[in-house]
Amino acid sequence: MNNVFVYIEMEGGRIADVSLELLTKGRELAAALGVKTEAVALGESLDGIEKELARYGADTVWVADDKIFNPFRTLPHTAVMCGLIEQEKPQIALFGATPVGRDFAPRVSSALHSGLTADCTQLEIGDHKDAKTGREYKDLLYQIRPAFGGNIIATIVNPDHRPQMATVREGVMRKEYAAVPAAGEVKRIDWQRFVKDTDLAVRIIDRQIEERRIDIKGAPIIVAGGYGMGSKENFRLVHELADVLGAEVGASRAAVDAGFTEHARQVGQTGVTVRPKLYIACGISGQIQHTAGMDQSSMIISINTDPDAPIARIADYAITGDVNEVIPKMIKYYKQNSK
Ligand code: FAD
């Protein structure tokens, strides 16, 4: 049986959230296919890693534990992943769309001639009929993502090559323990067979890690401002509302491009994906490129002068009004009622 592979990325000695999200999705895909979920961890000091991965549904944990894999280097990682895929022939291989995944997943797919869909927003199993040949395919990976500038949602399939490979950004999929932990059986990768001396040509002499100061991904409440905030000065209102609610500040791309706030706050297709409990969209029209990054929020409130703005279609509460009037009122009433 050709199983589902999930690449496990290590971040400062811990498993990256995106890998646990992919493992959650991977076990769902594997269940639909009636196959196993296999995690692949390449790093250093990985003893015991299988316990956590088993909780997320990893039946098998492939491990290559050596200092050559830490910190990440493209060539040895690519060599081991390609070798293991050729050895085990998974039908699906998933990677985080992180700097590491973006760097090495395309190399793996290129070396294996398998194809890769980047930045998927959904993954499902389904059948496919080739319109030209009439040939029918069962149980393919539907690799779903916005395309053509976000104007359509494309479902991409790869009928003829294996593995079917996809990357997914952090925060897009849910991270959930399996109802019953899987076996998490450790299998050591015979990586020395795959890594050549030339794969170790790049040596890391020094690393400077820049602290990411703004990180809105995990915030339970986000107040986001758009171009409708009018100016950088006026964008302060978004911060003021966020402050009283204990929220993080997000933004649309138009607000970022206009210089109202930092890029790290941009929500959407080319920004971060968030799923807070509450998302308040202030002066944001709700174009698909923005909503792709926030439409999984538990509750959405929009404030917009235009009652027909697309954001109203996904908002639980759509306030029709001027941000300059509505936000100060929200601040005032929230302060009054929370005393
Ligand atoms: P606008 O569309 O200009 O909307 C402003 C809204 O404010 C309007 O609805 C208006 O009615 C309202 N308004 C105006 N004045 C007031 C007021 N005083 N009070 C209340 N409401 C008011 N966008 C993103 O956000 N994130 C992305 O990651 C992203 N990626 C993209 C990737 C690609 C490839 C492309 C082509 C585009 C991308 N965009 C992205 C841009 C996206 O298409 C929109 O242009 C952008 O989201 C619009 O931002 P906005 O809603 O703030 O501005």
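## Cysteines and the ligand shell

In this predicted model, a disulfide requires a pair of cysteine sulfur atoms within 2.5 Å, and by this rule the count comes to zero disulfides. Two of the cysteines can be described by how far they are covered: Cys120 has a relative accessible area of 1% and is therefore buried, because buried means under 20%. Cys282, with a relative accessibility of 0%, counts as buried by that cut-off too.

The ligand is surrounded by 25 residues, and the closest of them are Tyr227, Ser252, Thr270, Ser285 and Asn304. Sorted by class, this shell holds six nonpolar, 16 polar and three charged residues. Several polar contacts link the protein to the ligand, and the table sets out three distances together with the kinds of atom that take part.

| Residue | Protein atom | Ligand atom | Distance |
|---|---|---|---|
| Val267 | backbone N or O | nitrogen | 2.8 Å |
| Ser285 | polar side-chain atom | oxygen | 2.7 Å |
| His290 | polar side-chain atom | oxygen | 2.9 Å |

Ser285 thus appears twice in this picture, since the residue is among the closest to the ligand and also places a polar side-chain atom 2.7 Å from a ligand oxygen atom.

How much of the ligand's accessible area does the protein cover? On its own the ligand has 980 Å² of accessible area, and the protein covers 75% of that. The elements that give two or more residues to the shell around the ligand are the helices α6, spanning 253-257, and α7, spanning 288-291.

How values were computed
Residues numbered from 1 in each chain as written. Predicted model: local features only at pLDDT ≥ 70, side-chain atom pairs only at ≥ 80, totals over all residues. Heavy atoms only, no water. Near = heavy atom within 4 Å. Polar contact = N/O pair within 3.5 Å; in protein donor to acceptor, adjacent residues only side chain to side chain. Areas by Shrake-Rupley, 256 points an atom, 1.4 Å probe, with all protein chains shown as cover. Helix = DSSP H or I, 4+ residues; strand = E, 2+ residues; numbered from the N terminus. Nonpolar A, V, L, I, M, F, W, Y, C, P; charged D, E, K, R; others polar. Buried < 20%, exposed > 50% of the residue type's maximum accessible area, 1.4 Å probe, protein only.
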